Amino acid sequence: MTLTTFFSGGSIKRMAELRADAARLASTLNDSNTRFVAVWKSRCLVHGNAAALLKRAELGETWQPETGIYLGQLDAQHIFAVELPDELGDNGPGEVAFENFRGILGDLPEDDAALLAYAKGMVEWHGRHRYCGVCGLPNLSLEGGFVLECASPKCGHRSFPRLDPAIIVLTIDGDKCLLGRQVRWPEGRYSTIAGFVEPGESLEDSVRREVKEETDIDVGKVHYMGSQPWPFPTAVMIGFHAEAVSKLIHRTDGELADAGWFTREEIAAGNIVLPPITSIAFRLIEHWFDGWDGPRLAELNLSGDFSRRTGERT
Ligand SMILES: [Zn+2]
């Protein structure tokens with residue numbers, strides 16, 4: 001079984017075949033029915049608790065159409081992501097506002113969250129590829145923003161949207177699970193172990209290395225559970241359950257302030273704060289936790305939310 005995660009399963013049709021059709025994309029940009037998802041300084045535009053979809057005229061004079069990123073079709077409307085200039089200020093047009101995406105996650109309908117995560121992920125990727133990584137000249141946006149090509153004809157290097165894969169794992173030993181508290185997290189806040197996959201590693205290698213580095217626990221079997229887009233800025237979280245083959249925790253790399261084995265009873269007692277319910281970390285813990293006759297984890301209201309913390313990774 002794979003877990004269902006927040007941000008995934010959005011209903012937008014990506015229409016990849018349209019990206020290479022420059023003429024059709026240009027007319028789509030000018031279609032009065034087309035809508036735009038705006039990102040400003042990594043913040044997303046919302047209206048109340050919903051994604052704000054702007055008309056072309058609402059983007060203002062400073063916005064350059066060639067920077068629009070074609071996301072696809074939602075219901076009968078074509079949707080573009082746009083990054084608005086820094087000097088705009090933090091008020092969007094009319095009744096809408098730019099909000100810290102992490103802070104509003106739990107309030108958004110899932111489909112809106114998936115759309116904003118997609119838009120933010122693409123805009124963040126553009127922001128990190130303004131210049132060619134080979135020769136340093138500016139990149140030009142092609143194919144609806146899904147190709148960035150070096151402006152130097154001699155170089156011509158092309159970049160494509162790429163993600164940073166990160167593993168996230170709940171390690172289990174019988175009736176206990178392994179949770180850690182990062183140094184910058186508040187007292188009482190615990191979550192799963194996570195880290196970026198390194199070159200030359202399989203995902204399973206990465207799970208074993210991260211758990212070993214952070215807790216000195218050896219991991220045996222590793223089971224894939226599900227994944228989650230994580231546009232902070234361009235990650236994808238790949239979630240696992242892992243079976244521990246050792247018990248003694250020793251924090252070795254300084255990333256964790258504390259780590260421990262927790263039973264369901266200890267978690268249910270409410271002594272620790274778990275990750276937000278919108279995170280794959282919560283889903284990984286929940287899937288293990290709910291394998292008993294006691295209360296369901298979601299009913300216990302033990303989740304923190306993102307808005308009250310800084311430096312949240314999972
Ligand atoms: Zn170049």
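Helix α4 is mostly covered, with 14 of its 18 residues buried. The helix runs over residues 110–127. It belongs to a predicted model of a chain with seven helices and 15 strands.

**Helix α4**
- From first C-alpha to last, α4 reaches 25 Å.
- That is close to the 26 Å expected at 1.5 Å a residue.
- Burial is the main feature here: 14 of the 18 residues in α4 count as buried.

**Overall shape**
- The C-alpha trace spans about 60 × 45 × 35 Å along its principal axes.
- The radius of gyration is 22 Å, which agrees with the value near 20 Å for a compact globule of 314 residues.
- Across the 314 residues of the chain, 38% are buried.
- Take the contacts between residues at least 6 apart in sequence: 68% of them join residues at least 24 apart.

**Confidence**
- Mean pLDDT for the chain is 90.
- A score of at least 70 is reached by 93% of the residues.
- Strand β10 (residues 164–173) has the highest mean pLDDT among the elements, at 98.
- Helix α3 (residues 101–104) has the lowest, at 79.
- Residues 307–314 fall below a pLDDT of 50.
- Beyond near neighbours in sequence, the 307–314 stretch has 15 contacts in the model.
- Where pLDDT is low, predicted coordinates should not be read in detail.

Definitions and conventions
Residues numbered from 1 in each chain as written. Predicted model: local features only at pLDDT ≥ 70, side-chain atom pairs only at ≥ 80, totals over all residues. pLDDT = per-residue confidence, 0-100. Helix = DSSP H or I, 4+ residues; strand = E, 2+ residues; numbered from the N terminus. Contact = placed C-beta atoms within 7 Å. Rg over C-alpha atoms; globule rule 2.2 N^0.38 Å. Buried ≥ 20, exposed ≤ 12 C-beta atoms within 10 Å, placed from the backbone. Expected span 1.5 Å × (residues − 1).
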